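Me: I would like a close look at one residue in this model, followed by its wider setting. Please keep it plain and give the cut-offs as you go.

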Amino acid sequence: MPYIHPKGAPERASRLGHVRTAMDPSVRQALESYFLPPAVSGPPPIADLLVEAATLPVSGLPKPAYAISIDGSKQEVEVRPEFPSARVGFAQVAGVFSQLNALAPAPPGGFVDPVAIAQATRAALVKGVVPTSIVTIRSGQTIHEAWREAVWELFTTCELEGPAGTNTRLADVLAHVLGTPTVPVASVTLERCPGRHDRDCDAGGLVVPLGGATCEKCGTALYFTDAANTHDEVVEFGSNDNALGRLMLVLELLTFLWQIRIFSMVDPGRVFPRCAFLLDGPLAMFGRPAGLKRHALRFLQAIHVQELAAGRAGLPVVIGIEKGGALAEHAEHIREYIPPGYLLCLPDRYIREHVQHREGNRAYGYDTDYGRRFIYRARDGRTLVFSMPPMPSGDPTDDAETVDLAHYPSLDTAIGLLDQVGTMLYRNAVIPVAFAHNYASLPLGTGSQVLTYLAQDALGAARTQVRPTPFF
């Protein structure tokens with residue numbers, strides 16, 4: 001890690017600093033012993049995995065008229081730069097409602113009217129702040145205790161808007177996700193006491209009601225939100241940007257699932273089947289909160305069963321759009337071999353052999369995914385990686401050898417939507433997700449400075465300029 005000059009520039013490495021490593025025979029010997037998967041030459045083996053979109057089974061869902069897109073953003077800022085540096089983290093999640101008929105350009109080949117777009121979109125934000133380093137809620141707290149308490153306060157003070165002014169606390173949303181769309185859980189059971197981080201407590205199997213509890217062994221305050229496990233990635237000193245990212249994922253998930261529930265219960269049978277729900281990113285949970293993925297899948301499948309029981313077509317379009325990562329990179333490499341209007345199914349055997357290059361029986365996304373990944377080459381040439389939850393039961397990791405398309409009954413409607421909502425503004429982009437980016441993003445530069453000043457003024461610290469990020 002380089003030193004930083006007084007004016008903020010990083011220390012420069014010697015121009016000859018690489019020579020000793022490059023000339024060391026043990027380094028070359030180690031490199032020669034490594035295995036590098038062969039580069040793809042010629043067409044990839046995807047002929048039996050391609051499906052023409054026009055041949056997909058008909059879902060019975062109407063063409064989507066509305067899109068609800070979800071995206072989140074986070075930013076950690078320094079309140080006090082001198083050692084030990086104090087930081088707080090901001091997170092916000094946007095839910096954007098769009099009327100899709102306003103997104104169609106005027107023929108022939110015209111542009112979408114920006115005034116019409118503004119009138120056809122509505123957005124709501126979930127936002128909060130948590131301490132991430134040194135800053136605590138009260139004197140004497142550890143950062144683990146302060147984080148957990150701040151998350152609990154966020155979940156009890158922040159509400160998601162519902163119809164007719166009915167708002168729901170994030171804590172109650174979490175209780176429904178851990179339970180069912182109609183019946184929330186009254187308590188959670190923690191496998192281990194969170195006091196292990198500060199008091200070496202080894203208690204386990206702790207039952208925590210919605211209102212909280214106390215560990216009888218070490219006296220640690222227990223919160224219902226500890227079930228999300230965002231605190232397990234908090235470190236005592238230094239940046240907690242990683243833990244902040246996990247918290248943002250949880251907020252995205254709860255907002256996404258709750259929007260689906262709200263629309264399923266309001267005017268059912270009219271608006272809900274004509275909706276499409278899009279999450280920025282795969283239908284997956286990562287890190288310590290990954291256990292929520294099974295609850296998310298069960299939650300969506302329960303709504304699907306409710307729709308079927310009411311004589312309707314089931315869950316409408318629910319997809320995650322994946323812009324980065326290994327599968328997105330793979331899609332770019334093979335895009336010329338996927339004809340426009342064709343879907344590429346991704347059974348686990350293909351991902352293991354051509355994306356991960358590994359052996360074993362552990363399915364891709366076993367611990368993280370609640371949606372099966374697909375690659376679609378849109379009719380306008382865009383290449384999109386998206387994921388969908390299996391219905392009415394099962395798990396996305398069930399498709400080891402072949403993908404059973406019957407488990408994804410809204411696939412043809414989802415493909416039609418992806419063809420409809422493309423945009424030339426960004427590469428391989430989808431308009432509703434771009435709207436969610438616009439509302440959710442916390443900008444660098446001026447945005448960082450404003451949030452830094454806000455935190456410093458609120459905590460009574462002297463204002464300082466945002467330090468430039470070192471390049472390592």
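What follows is a question on one arginine and an answer that works outward from there. In which strand is the place of Arg372, and which residues does Arg372 touch, not counting residues up to four places away in sequence?

Reply: This is a predicted model, in which local features need pLDDT of at least 70 and side-chain atom pairs count only at pLDDT 80 or more, while totals for chains, interfaces and linings use all residues. Residues are numbered from 1 along each chain as its sequence is written, and side-chain values use heavy atoms, with hydrogens and water left out.

Arg372 is placed in strand S14, residues 372-377. Strands (E, at least two residues) and helices (H or I, at least four) are DSSP runs numbered from the N terminus. Arg372 counts as buried because its relative accessibility is 5%; buried means under 20% relative accessible area, exposed over 50%, and partly exposed in between, with a 1.4 Å probe and protein chains only.

The side chain of Arg372 reaches two backbone oxygens: that of Leu346 at 2.5 Å, and that of Pro396, also at 2.5 Å. Both are polar contacts, that is, pairs of N or O atoms within 3.5 Å; within protein, one must be able to donate a hydrogen and the other to accept it, and residues adjacent in sequence count only if both atoms are side-chain atoms.

Leaving aside residues up to four places away in sequence, Arg372 touches Leu346, Pro347, Asp348, Ile351, Phe386, Ser387, Met388, Pro396, Thr397, Asp399 and Tyr408. Contact here means heavy atoms within 4.5 Å.

One of these neighbours, Met388, leads to the nonpolar cores. A nonpolar core is a set of buried Ala, Val, Leu, Ile, Met, Phe, Trp, Tyr and Cys residues joined through side-chain atoms within 4.5 Å. The largest core has 67 residues, of which Phe155, Phe256, Ile260, Phe277 and Tyr370 touch the most other members. Helix H7 gives the largest share of this core, 14 residues. Met388 belongs to a second, separate core of 29 residues, which also includes Val317, Ile319 and Leu411.

Charged pairs form the next part of the setting. The whole structure holds 24 salt bridges, each a side-chain nitrogen of Lys or Arg within 4 Å of a carboxyl oxygen of Asp or Glu.

Asp280 and Lys323 make one such bridge, with their closest N and O atoms 2.4 Å apart. Asp280 is in strand S11 (residues 275-280) and Lys323 in the loop between strand S12 (317-322) and helix H9 (326-334), so this pair ties together parts 43 residues apart in sequence. Its two ends differ in cover: Asp280 counts as buried at 14% relative accessibility, whereas Lys323 counts as exposed at 52%.

Arg196 bridges to Asp232, with 2.6 Å between the closest N and O atoms. This pair links distant parts of the chain, 36 residues apart: Arg196 is in helix H6 (residues 196-199), and Asp232 is in the loop between strand S10 (221-222) and helix H7 (241-265). Here Arg196 is buried at 18%, and Asp232 is buried at 15%.

In the bridge between Arg312 and Glu307, the N to O distance is 2.9 Å. Glu307 counts as buried at 2% relative accessibility, while Arg312 is partly exposed at 27%. A network of salt bridges links Asp48, Arg349 and Glu401.

Two helices are mostly covered. In H5 (residues 170-178), 8 of 9 residues are buried, among them Leu170, Val173 and His176. In H12 (residues 431-440), 7 of 10 are buried, including Ile431, Phe435 and Ala440.

For contrast, here is a piece of the surface. Val27, Leu31 and Tyr34 make a nonpolar surface patch of about 320 Å². Patches are made of residues with over 30% relative accessible area and no salt bridge; like charges are joined within 9 Å, and nonpolar side chains (Val, Leu, Ile, Met, Phe, Trp, Tyr) within 5 Å. Areas come from the Shrake-Rupley method with a 1.4 Å probe, and for residues only the protein chains shown count as cover. Val27 lies in helix H2 and is partly exposed at 32%. Tyr34, in the loop between helix H2 (25-33) and strand S1 (50-52), is exposed at 58%.
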